[in-house]
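Please open the structure in your viewer and keep the selection tool at hand. This tour moves from one selection to the next and says what can be found at each stop.

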Amino acid sequence: MKKTATIFTLLFALLNISVSAQTQLVLTNIANGKVKSFAVGKTIHIKGLEDTDFEKVKIQKITDKTIVFYLPNADEESPVRELALTEIQSIKKSTTIHSITKGIGAFFMLGGAYTMASSSALAGDDGSTGAYIGLGAGMFAAGLVPYLFKPRVYILGKTHTAEIK
């Protein structure tokens with residue numbers, strides 16, 4: 001029994017070391033030194049030096065000097081793009097809570113729009129629809145609130161330094 005526990009402990013330690021030794025893109029805040037890291041498989045938005053808008057990408061591979069991205073929304077023949085770290089101007093990443101509240105907000109907006117559109121059908125005997133239009137507008141406004149908060153943007157060279165570790 002003691003031998004089995006020792007073997008499992010060693011295997012777990014080896015697995016833990018191999019996972020933590022994975023190559024990552026590390027961003028360090030210039031002002032306060034806080035570190036944010038992105039590993040293979042993370043979905044982020046990037047803006048290259050010659051790009052005007054952010055592109056949604058998924059990190060496929062990280063080498064010593066370049067990062068290989070998969071572009072899920074690409075109309076090109078090859079949805080894979082390789083960029084050197086010096087070619088990336090900024091990175092934008094939504095937090096998990098931001099993504100969840102956007103999903104919930106979409107349901108509130110749909111419910112509010114439906115309530116406003118069907119207010120005449122929901123009206124009682126007196127035919128007043130004002131309460132349902134107000135309720136629908138409130139639901140729509142509550143669903144819109146998460147879309148007003150912008151994801152965090154990391155500007156490389158100005159606010160953050162980037163390196164591959």
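## Strands 7 and 8

Begin with lysine 93, whose bridge partner in strand 8 is arginine 152. Keep in mind throughout that this is a predicted model. Lysine 93 ends strand 7, which covers residues 88–93, and strand 7 is joined to strand 8 by 4 bridges, the two strands running antiparallel.

Now select strand 3, residues 43–48, which is also joined to strand 7 by 4 bridges and runs antiparallel to strand 7. Here you can pick out histidine 45, which has lysine 92 in strand 7 as its bridge partner.

Next, add strand 4, residues 55–62, to the selection: strand 3 and strand 4 run antiparallel and are joined by 4 bridges. Across this pairing, isoleucine 44 stands opposite valine 57 in strand 4.

## The sheet of six strands

Where do these strands belong when you step back? They are part of an open sheet that 6 strands form in the order 6-5-4-3-7-8, with antiparallel pairing. Its edge strands are strand 6, residues 80–84, and strand 8, each of which pairs on one side only. If you look along the sheet, the twist from one strand to the next averages 40°.

## The sheet of three strands

Turn now to the open sheet of 3 strands, which has the order 2-1-9 and antiparallel pairing. Strand 2 and strand 9, residues 160–164, are the edge strands here, and each of them pairs on one side only. In this sheet the twist averages 20° from one strand to the next.

Select strand 1 and strand 9 together, and you will see a pairing in the antiparallel sense over 5 bridges. Leucine 27 has its bridge partner in strand 9, namely alanine 162.

Stay in strand 1, residues 25–29, and select threonine 28, which has its place there. Is threonine 28 buried or exposed? Threonine 28 has a relative accessible area of 18%, so this residue counts as buried, the cut-off for buried being under 20%. Leaving aside residues up to four places away in sequence, threonine 28 touches Gly33, Lys34, Val35, Thr159, His160 and Thr161.

## An aromatic pair

Which two residues form an aromatic pair? The count for the model comes to 1 aromatic pair. Select phenylalanine 38 and tyrosine 154, which form this pair in an edge-to-face arrangement, with 6.1 Å centre to centre and 70° between the planes. Phenylalanine 38 lies in strand 2, residues 35–38, and tyrosine 154 lies in strand 8, residues 152–155, so the pair ties together parts that are 116 residues apart in sequence. Both phenylalanine 38 and tyrosine 154 are buried.

## The nonpolar core

Show side chains next, and look for the largest nonpolar core, which has 18 residues; those that touch the most other members are Leu25, Phe38, Ile44, Ile67, Phe69, Ile88 and Ile91. Strand 1, strand 3, strand 4, strand 5 (66–70) and strand 7 are the elements that give two or more residues to this core, and strand 4 gives the most, with 3 residues.

From this core, select isoleucine 67 and colour what surrounds it: not counting residues up to four places away in sequence, isoleucine 67 touches Leu25, Ile59, Lys61, Ile62, Arg81, Glu82, Leu83, Leu85, Ile88 and Ile164.

One of these contacts, isoleucine 62, makes a good next selection. Isoleucine 62 lies in strand 4, and its relative accessible area of 10% places isoleucine 62 among the buried residues. With residues up to four places away in sequence left out, isoleucine 62 touches Thr23, Gln24, Leu25, Phe38, Val40, Ile67 and Ile164. For glutamine 24, you can check the spacing yourself: its C-alpha atom and that of isoleucine 62 are separated by 6.9 Å, although the two residues are 38 residues apart along the chain.

## The whole chain

Finally, select the whole protein chain, whose secondary structure comes to 4 helices and 9 strands. Followed from the N terminus on, its elements run α-β-β-β-β-β-β-β-α-α-α-β-β. Of its 165 residues, 26% count as buried. The accessible surface of the chain comes to about 11,300 Å², and 61% of that belongs to carbon and sulfur atoms. Among the contacts in the chain with a separation of 6 or more, 53% are accounted for by residues 24 or more positions apart.

Conventions. Residues are numbered from 1 along each chain as its sequence is written. This is a predicted model: local features need pLDDT of at least 70, side-chain atom pairs count only at pLDDT 80 or more; totals for chains, interfaces and linings use all residues. Side-chain values use heavy atoms; hydrogens and water are left out. Rings of Phe, Tyr and Trp (its six-membered ring) pair if their centres lie within 6.5 Å; planes under 30 degrees apart count as stacked, over 60 as edge-to-face and the rest as tilted. Buried means under 20% relative accessible area, exposed over 50%, partly exposed in between (1.4 Å probe, protein chains only). Two strands pair if DSSP finds at least two bridges between them. Contact means heavy atoms within 4.5 Å. Axes are lines fitted to C-alpha atoms, for helices over the stretch in contact, and angles run from 0 to 180 degrees between N-to-C directions. Accessible areas come from the Shrake-Rupley method with a 1.4 Å probe; for residues, only the protein chains shown count as cover. A nonpolar core is a set of buried Ala, Val, Leu, Ile, Met, Phe, Trp, Tyr and Cys residues joined through side-chain atoms within 4.5 Å.
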